[in-house]
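Colleague: I am new to reading structures and would love a close look at one part of this one. Could you take me through the metal site, and then show me what surrounds it in the rest of the fold?

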Amino acid sequence: MADSDGSDRYREQVLDLIRRSGVHIRDAEIEQLLLVDFGLGDFEREGVAITDIVHTPALRLKILVLLPGQTLPEHIHPPYDDSPGKEETLRVIYGSVRVYLPGPDTMKEGALPPGKEDFYTLRNENLIQPIGQLTIPPDVWHWFQAGAQGAVCYAFYPQAVESHNRFRDPRVPKHIAPGY
Ligand code: ZN
């Protein structure tokens, strides 16, 4: 995202959430903070902010921040080559996250981004509050949405090639690769 589209303001909001969470990160990690809009052009509605804490060939640990009500679009980490695909563990430190997974419709608090209903097929709502955590196995569709306070989470992954991630919304570019 370019700075002219409000990303400075979003960046401040994200840093404020991190401060409130009590999670301490290094200056370099603040500098590397990445605001991802998935090529959809409306960060506040569909997006996520991430910064890596560990990123080696064996492990990826990052801070994942969602603004209040912000949605991380529905996607999957499919198998590729000899890998079963990327496993994803989310631990919520501040605020709350609703994780949507395959299963019965239990949607209560969440709201589909208006006009995007076709790209959000999962309605099984799993509310994660501090310091809850959830592991999403490889090859399982999922999407996230923050509660009213936003959310600050740790996210853990075995290393995987991020370009294999696939999104329900065909407007998300195929090779977007920051990792989520
Ligand atoms: Zn994911």
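Modeller: Happy to; we will begin at the metal and then turn to the nonpolar cores and one polar residue. Please keep in mind that this is a predicted model.

Let us start with the zinc ion. Four residues coordinate the zinc ion: H75, H77 and H142, each through its NE2 atom, and E88 through OE. The distances run from 2.1 to 2.2 Å. Looking along the chain, you will find these donors in the pattern H-x1-H-x10-E-x53-H. H77 sits in the loop between β4 (71-76) and β5 (88-101), while E88 belongs to strand β5, so this pair ties together parts that are eleven residues apart in sequence.

What about the geometry? The angles between the four donor atoms range from 82 to 162 degrees, which makes the arrangement irregular. As a yardstick, ideal angles for four tetrahedral donors are 109.5 degrees. Two of the donors are also worth checking for exposure. Because its relative accessibility is 2%, H77 counts as buried. E88 counts as buried too, because its value is 0%.

Now to the nonpolar side of the fold. In soluble globular proteins, nonpolar side chains tend to be buried together. Here the largest nonpolar core contains 23 residues, and L64, L66 and V97 have the most contacts inside it. Strands β2 (48-55), β3 (59-66), β5 and β8 (142-158) each give two or more residues to this core. The biggest share comes from β8, with six residues. For a feel of the packing, try picking L64 in your viewer: among the residues that L64 touches are V48, A49, I50, L90, A151 and Y157. A separate core of 16 residues lies apart from this one, and its members include Y10, L33, I63 and V152.

Finally, have a look at Q145, which is found in strand β8. Q145 has a relative accessible area of 4%, so this residue is buried. Its side chain has polar partners: one contact, at 2.8 Å, is with the side chain of T71. In addition, a polar atom of the Q145 side chain lies 2.7 Å from the backbone oxygen of A111. The wider surroundings of Q145 include L66, G69, S96, V97, R98, Y100 and G110, all of which Q145 touches. Two of those names may ring a bell, as L66 and V97 are among the residues with the most contacts inside the largest core.

How values were computed: Residues numbered from 1 in each chain as written. Predicted model: local features only at pLDDT ≥ 70, side-chain atom pairs only at ≥ 80, totals over all residues. Heavy atoms only, no water. Donors = N, O, S within 2.8 Å, 3.2 Å for Na, K, Ca; no water. Tetrahedral: all angles 85-135°; square planar, octahedral: opposite > 155°, others 65-115°. Helix = DSSP H or I, 4+ residues; strand = E, 2+ residues; numbered from the N terminus. Buried < 20%, exposed > 50% of the residue type's maximum accessible area, 1.4 Å probe, protein only. Core = buried A, V, L, I, M, F, W, Y, C linked by side-chain atoms within 4.5 Å. Contact = heavy atoms within 4.5 Å. Polar contact = N/O pair within 3.5 Å; in protein donor to acceptor, adjacent residues only side chain to side chain. Lists of a residue's contacts leave out its neighbours within four places in sequence.
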